[in-house]
Amino acid sequence: MSTSIRIAIDVMGGDRGPRCIVPAALRSLSLYPFLHITLVGAADIVEPLLSSAAVDSDRLSFRPAREQILADDPPASVLRGKRDASMRVALELVRDGQVDGCLSAGNTGALMVLARAVLGTLEGIRRPAIMAALPVSGRLCHVLDLGANVDCPAEQLVEFAIMGAAAAAELSGNPAPRVGLLNIGSETHKGNRQVRQAAALLQVCPAINYVGSVEGDGLFRGEADVVVCDGFVGNVLLKASEGVAGYLQAELRSAVADSWLLRWLAPLVLHATRRTRERHDPARYNGASLLGLRGVVMKSHGSADEEAILAAIGHTLKACQARLPERIAGRVRECGAVL
């Protein structure tokens, strides 16, 4: 029998809020019989959504929070104010051991700042990083950092590599994931000073399966299982990938609409490409881990719909089961001499 996992969900975050997140949470309870959920949010909004839910009260609880962190709230201001915000309360539940991890679709900067303040970072980790899995050639590639740290020294890039390798090993089952540095070329002399210095440090770290520099196209060819970069480059990569995917989908829809033959063939094409479309459905990969914290924290995309929130809950559950903070702490100790 699977061990029970307890997750707190900040239902006030994101563009769609409780009316999207609460139904997804209820559906997740039927999918994962060992999951226990604590919903955190405004009582006057959440409780009516739960009034008709036929759910075992032992597996679903509600923690009221009077305040909400908005998308335009400056991250630094949330430390001084909004002490009863749903995001903060969810993180405090993790800190106090009442849950194993938490999920929020709210303000990313605020979540990062609050998570550092409430949970703290693991020993040997300077700053947390945001990691997400991208579908590449026949597999998943775990990329970090995706926006938490804009400018990173070499030592910080090495920390990201260590954390990413530990997380990918636990989440994928591959004990020695290939780790690469995102770069403008594969040659050792290419890249800025920080990337070259990080490469030199990773080459002498026996606990990391370092495969060298990976270019942008190589990432999507599956040349590495973990790709490391600073948050500025990572966020541009992520948003550009999302934009290209959306552009190609729009172009295909336009091509079908303009051709009677393609419209006639559309049912066959949709059937033939179903598995490929499902594999590249962004909703399946919703949920980015904040690595390096003393607890599991997952960030959902702010525009996520019910299906995407359901996927993020599943990813949070998997991170809790893998006990990612403990695994990362162990890998950091192995690599202590390099750091």
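Contact here means heavy atoms within 4.5 Å. The model is predicted.

The fold contains an open sheet of 11 strands. Pairing in this sheet is mixed. The strand order is 3-2-1-4-11-10-5-6-9-7-8. Strand 3 (60-64) and strand 8 (209-214) form the edges. Each of these two strands pairs on one side only. From one strand to the next, the twist averages 25°.

At one edge, strand 3 pairs with strand 2 (residues 35-41). The two run in the parallel sense, and 5 bridges join them. Within this pairing, Thr38 stands opposite Ser61 of strand 3.

Helices lie against the sheet. Helix 7 (residues 193-202) packs on the sheet and touches strand 7 (178-182) as well as strand 8. The direction of helix 7 makes about 160° with that of strand 7. Helix 5 (residues 108-119) lies across four elements: strand 4 (101-104), strand 5 (129-136), strand 10 (288-291) and strand 11 (296-299). Relative to strand 11, helix 5 runs at about 175°.

The surface carries a nonpolar patch made of Val150, Phe232, Val233 and Val236. Together these residues have about 360 Å² of accessible area. Val150 sits in the loop between strand 6 (139-144) and helix 6 (154-172). The relative accessible area of Val150 is 51%. Val150 therefore counts as exposed, the cut-off being over 50%.

Note on methods
Residues numbered from 1 in each chain as written. Predicted model: local features only at pLDDT ≥ 70, side-chain atom pairs only at ≥ 80, totals over all residues. Heavy atoms only, no water. Pairing = 2+ DSSP bridges. Axes fitted to C-alpha atoms, helices over the stretch in contact; angles between N-to-C directions. Patch = residues over 30% accessible without salt bridge, like charges linked within 9 Å, V, L, I, M, F, W, Y side chains within 5 Å. Areas by Shrake-Rupley, 256 points an atom, 1.4 Å probe, with all protein chains shown as cover. Salt bridge = Lys/Arg side-chain N within 4 Å of Asp/Glu carboxyl O. Buried < 20%, exposed > 50% of the residue type's maximum accessible area, 1.4 Å probe, protein only.
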